Every structure is written in structure tokens, then in C-alpha cells.
Amino acid sequence: MAARRKKSSPIDPEFDRRMMAAALRLGRRNLGQTATNPAVGCVIVDGGGARVVAARGWTAVGGRPHAEKEALKHAGKRASGSTAYVTLEPCAHEGRVKSCAQALIDAQVDRVVTAMTDPDPRTNGRGHAMLGAAGIAVTTGVLAEQAARDHSAHIALIGKGRPHVTLKLAVSADGMIGRRTGERMIITGEAAFTAVQAMRTSFDVVMVGIGTVLIDDPRLTVRLPGLEERSPTRVILDATARLPLQSRLVQSARQRPLMVIVGPEALSERKSALTEAGVTVIEVDAGPGGGVDFSGALAALAARGFARVLAEGGAEVAASLVSGDLVDEVVIFRAPVVVGPDGVRALAGMALSAVERTPRYRLIDTGWAGDDQMRRYVRAG
């Protein structure tokens, strides 16, 4: 294709940052709902001096249509001569439909501004190259650090072959998640519960160990009014397939996806019974100390396109993920209550300093959920 002559319009770096920030906010709207594709945002701005937003788009639930095509559909003829702000390099690979890079070329946009290159080897610079070869001005790297955080799950999926893992911990002032004996103890308050429910809406998967299920009989769904349909897929790590058929998880398996990851010692009749109840059973190798192999479990989820995993418990699962260097982000809700010597440590035999005071993680956010303090850590480097 012959290169088109690019229109001469002044570049305003501050305006570029503002529009990219808006595109990033759009991309977060369906975060956790777009597997097997990343959650991308796109803003199209009219050409000329007025700089009016012509259209917006974000990756649809289920991963298609992509953000660029949604925005182009709404922009119509106004896309010609426009500037498109996209949080991730437009895809260059084509299957049943044309690539987003080609769609932007066909729409005759004048300029494309992206936050970062797509690490997917099917694109990885090819989208930018296609646009440039078609005579479209390309600017990249705008709000790159924020985009890398927003697309961290996509980056992990491509670069590590596993999902981005966020570990959520609700702990007492002395670092406990409950008592060893007696009645079940709820550590954090109502505001923290609501915050965790909202967190679940932005993940593909919520994952717990079988010990938590046997103690709490949870549902692991989103129970905020109007957001129930944004409940993630429930995943249970259950080496020997002990999940009770009468549990609330199994009883709701036909209404909300439920997966059980088992080891090689799980009995065939138990796996068959779970499958007949509507549960997806996935077998992985045994871990070094028994149980399931966590790396294998995460790889199995990645193979199904799941990019964002929220691990909610219990202590052994949390400790195994941290010690295996499989955690990318940690969110800790700390309540003012003290459990005492009968408590269960949040990271089993490990101290919370393995997260809070280590160069592996850096603190990026603090806040409050009612009386409970929230601290968010991300992997450093």
C-alpha cells in the first residue's frame, strides 16, 4: 500500500497524556471479563484544531470486539483524519476478522498514539510497523508505566506462561487470619468485605484451597447488587478431590463456572462425580511437598486464557504462592483486632515480613476500608 501523506497537526504531549489516561480508564471497565484478550481502551479524537472526542471503545466482555474496532464503529466517517489513542499496540495478526492495525488503516486515521508495544509475538511491533508503512504517524510510550500495570496480566501470560496473581490477605493486628480452635472468626469488617467483593469483579478467576472450602463453605461469587454477573470463575485447589458434592460451590456449578484442580492421587470416582455435577476437573502434577503443583495449576489456567487470578486463601495456599515466587501483587486488609497465640498465621509458617519488608515487593498504595487498613504491594522490577 502506498504511504499516505500525513497531515501536519501540532503534537501536544500534555493532551496526549490526558487522552491516554482516559483510554486507560476505559480499558479497566471490563478488566477480568475479556479472556482470552487483554482489556484495552481506545479514544478517537477528531482531526483539526478543535480536538473533540469522536468516539470511545473498550474490549468487550469475552474479548471481542477489540477496543479499536468498537471505537471505529462509533466514530464512523469521523475516524478519517483523526488521532486514535490506544492503551496497547493494535494487533497485527488476522484470523476470522481483520487486524485492528488494518482496521485503523482502512479508516484513514491520521495518527495513532499507544502506551506500549504488545508483547504477543503475533504483534510485538508489527502493528506499529503496519501503521507507519501506511503513512500513519505513530507515537508510543505515552503513560507506559501505568499501561504496564493495567496490562500486567497480559504481560505475565505472554512472558511467564502463567496468569498475573494477586494475593488477598485479611489479617489481624498480630498477622493472623483466624483461630485454630473454636468458632470461625471474621477478622475484617463490612467495608473490607465490600472492597473485596468489588475486587473480584476485575479478575478472571478467584482461587482458594480446599481447606478454606471445608471450613467456610463459601460461594466465591460477587454479591454486590447489580454486579452478580461479573462473578469470576471459581477455582479450588484440591489435590485429592475432597470437595463435597453438597457444598454451595458444587450446588451452584451449573450457574457459575467452577473448576477443581486435582493431583494424580485423586480417585477417578470422585473426579467423575464432580464432573457429573457440572464441575470442570483439571489434573496437574503433584507438588514437591504433596498437594498440587502450583506452577502447573497456574499454567493450566493460562492455557484456558485466564490472565488475572485473585488468590483468597488459605494460609497454606498463600505461603506456597509466596515461597514459590508466584505472586505479582499483594493486597492486605489489616484489622485492629488481636487474635493471640491461638491464631493461624496468614502465611502459615512464614512471617508477613516476607511481603511487607522484602525487596521483592514495593508498597504502592495505602487506604482505609472502614476501620481496616488496606496496603497494596506489587512485585519490584
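## A sheet, its covering helix and two further sites

Helix α2, made of residues 67-75, lies across β1, β2 and β3 (83-86), and its direction is at about 145° to that of β2. The description that follows concerns a predicted model, and it begins with the strands that this helix covers.

The sheet is an open one of five strands, arranged in the order β2-β1-β3-β4-β5, and the pairing within it is mixed. Because β2 (53-58) and β5 (137-139) each have a single partner strand, they stand at the edges, and one side of each is left without a neighbour in the sheet. On average, and with direction ignored, neighbouring strands of this sheet are turned by 15° against each other. Strand β1, which covers residues 41-45, runs antiparallel to β2 and is joined to β2 by five bridges; within this pair, Gly-41 stands opposite Trp-58 of β2.

The loop between β1 and β2 holds Asp-46, whose side chain makes a polar contact of 2.5 Å with the side chain of Arg-78. When neighbours within four places in sequence are left aside, the residues in contact with Asp-46 are Arg-51, Val-52, Ala-54, Arg-78 and Ser-82.

Returning to the helix, the buried residues of α2 pack against β1, β2 and β3, and also against α3 (100-106). An α-helix has 3.6 residues a turn, so residues three or four places apart point the same way. The table sets the buried residues of α2 beside those of another helix, α11.

| Helix | Residues | Buried residues |
|---|---|---|
| α2 | 67-75 | Ala-67, Glu-68, Glu-70, Ala-71, Leu-72, Ala-75 |
| α11 | 294-303 | Phe-294, Ala-297, Leu-298, Ala-300, Leu-301, Ala-302 |

A glycine with a positive phi is found after each of these helices: Gly-76, just after α2, has a phi of about 60°, while Gly-305, which follows α11, has a phi near 90°.

A last site lies in another loop, the one between β9 (233-237) and α9 (248-251), where Ser-247 is found. Is Ser-247 buried or exposed? Its relative accessibility is 5%, and because buried means under 20% relative accessible area, Ser-247 counts as buried. A polar atom of the Ser-247 side chain lies 3.3 Å from the backbone nitrogen of Val-250.

Taken together, the first part of this account joins a sheet with β2 and β5 at its edges to a helix, α2, whose buried residues pack against β1, β2, β3 and α3, and the loop between β1 and β2 adds Asp-46, with its polar contact to Arg-78.

Note on methods:
Residues are numbered from 1 along each chain as its sequence is written. This is a predicted model: local features need pLDDT of at least 70, side-chain atom pairs count only at pLDDT 80 or more; totals for chains, interfaces and linings use all residues. Side-chain values use heavy atoms; hydrogens and water are left out. Two strands pair if DSSP finds at least two bridges between them. Helices (H or I, at least four residues) and strands (E, at least two) are DSSP runs, numbered from the N terminus. Axes are lines fitted to C-alpha atoms, for helices over the stretch in contact, and angles run from 0 to 180 degrees between N-to-C directions. Contact means heavy atoms within 4.5 Å. A polar contact is a pair of N or O atoms within 3.5 Å; within protein, one must be able to donate a hydrogen and the other to accept it, and residues adjacent in sequence count only if both atoms are side-chain atoms. Buried means under 20% relative accessible area, exposed over 50%, partly exposed in between (1.4 Å probe, protein chains only).
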